[in-house]
Amino acid sequence: MNDLSRQAHWQNVYSTRGEREVSWFQERPAVSLDLIRAAGATPASSVIDIGGGASRLVDALLADGFGAVTVLDISEAALSAARQRLGSKAAAVTWIVADVTAWEPTQVYDLWHDRAVLHFLTDAADRAAYVARLGKALRPGGHAVIGTFALDGPERCSGLPVVRYDGKGLADLLGPNFMLIDTRTDAHQTPMGGVQRFQFSLFRRR
Ligand SMILES: C[S@@+](CC[C@H](N)C(=O)[O-])C[C@H]1O[C@@H](n2cnc3c(N)ncnc32)[C@H](O)[C@@H]1O
């Protein structure tokens, strides 16, 4: 999928579906928040949510007092939905419309979070571009929390093929600069009543 059709796909999803009409909706991203806590993040930590879409992770981080939160997504419509929901609180967040595989980070972050974005990168060149951005954007000693469909999870999401991972597979992809600290599995209940098996892994950048 080229960059333009990728962006068109996600713009279309967020322009035509409500928050609870997408399979990945979560009222509260509990596993992500647990691992962000396990990483030792504090309200002073800078956090970037990669492909955050309209996720409520940003709401939870703001409620916990995090003051340096960035949400990046390829879809402007997704970020608009999140901004609208947050109202005046949205001004405290940095919003970036970009494809993570082409984005040039301009600062380093303490924590990188990604739920269900990396798994869409089915081309090796895109995965390498993702890992290069992760290496640039995360400070040495910083942490990454990456959630993807698990090895026994669905083969497709939002009509697109995905690559499924376990912690070891993700560690192999990220390479020796990233130390695997924890892996959890999660059975996500979709708003439509289905179950999707995820894995979430926590890494520390050496
Ligand atoms: C399955 S949704 C997950 C959204 C959010 N992380 C959550 O947990 O609710 C995938 C998200 O990744 C975004 N996305 C897909 N490919 C991307 C890319 N190459 N760069 C940045 N964002 C991307 C989509 O717009 C969408 O918001």
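This passage describes the ligand site and the aromatic pairs of a predicted model.

The ligand sits in the largest pocket of the structure. Around the ligand there are 19 residues, of which Y14, G51, D73, V100 and R115 come nearest. Sorted by class, this shell comprises 10 nonpolar residues, five polar residues and four charged residues. Two elements of secondary structure, helix α1 (3-16) and strand β2 (68-73), each provide at least two residues of the shell. Helix α1 makes the largest contribution, with three residues.

Polar contacts to the ligand involve both side-chain and backbone atoms of the protein. On the side-chain side, an N or O atom of Y14 lies 2.7 Å from an oxygen atom of the ligand. Backbone atoms take part at two further residues. In G51, a backbone N or O atom is found 2.8 Å from a nitrogen atom of the ligand. In V100, a polar backbone atom is placed 2.9 Å from a nitrogen atom of the ligand. Taken on its own, the ligand has 580 Å² of accessible area, and the protein covers 98% of this area.

Aromatic pairs were also examined. Across the whole structure, the search yields eight such pairs. One of them is formed by W10 and W24, with an edge-to-face arrangement. The ring centres of W10 and W24 are 5.6 Å apart, and the angle between the planes is 70°. This pair joins distant parts of the chain, the two residues being 14 residues apart. W10 belongs to helix α1, whereas W24 is located in the loop between α1 and α2 (30-38). Helix α1 thus appears in both descriptions: it holds W10 of the aromatic pair, and it gives the most residues to the shell around the ligand.

Definitions and conventions:
Residues numbered from 1 in each chain as written. Predicted model: local features only at pLDDT ≥ 70, side-chain atom pairs only at ≥ 80, totals over all residues. Heavy atoms only, no water. Near = heavy atom within 4 Å. Polar contact = N/O pair within 3.5 Å; in protein donor to acceptor, adjacent residues only side chain to side chain. Areas by Shrake-Rupley, 256 points an atom, 1.4 Å probe, with all protein chains shown as cover. 1 Å grid on protein atoms, 1.4 Å probe; cavity = no way out; pocket = protein on both sides within 12 Å on 5 of 7 lines; lining within 4 Å. Sits in = over half its atoms within 2 Å of the grid points. Helix = DSSP H or I, 4+ residues; strand = E, 2+ residues; numbered from the N terminus. Nonpolar A, V, L, I, M, F, W, Y, C, P; charged D, E, K, R; others polar. Phe/Tyr/Trp six-rings, centres within 6.5 Å; stacked < 30°, edge-to-face > 60°.
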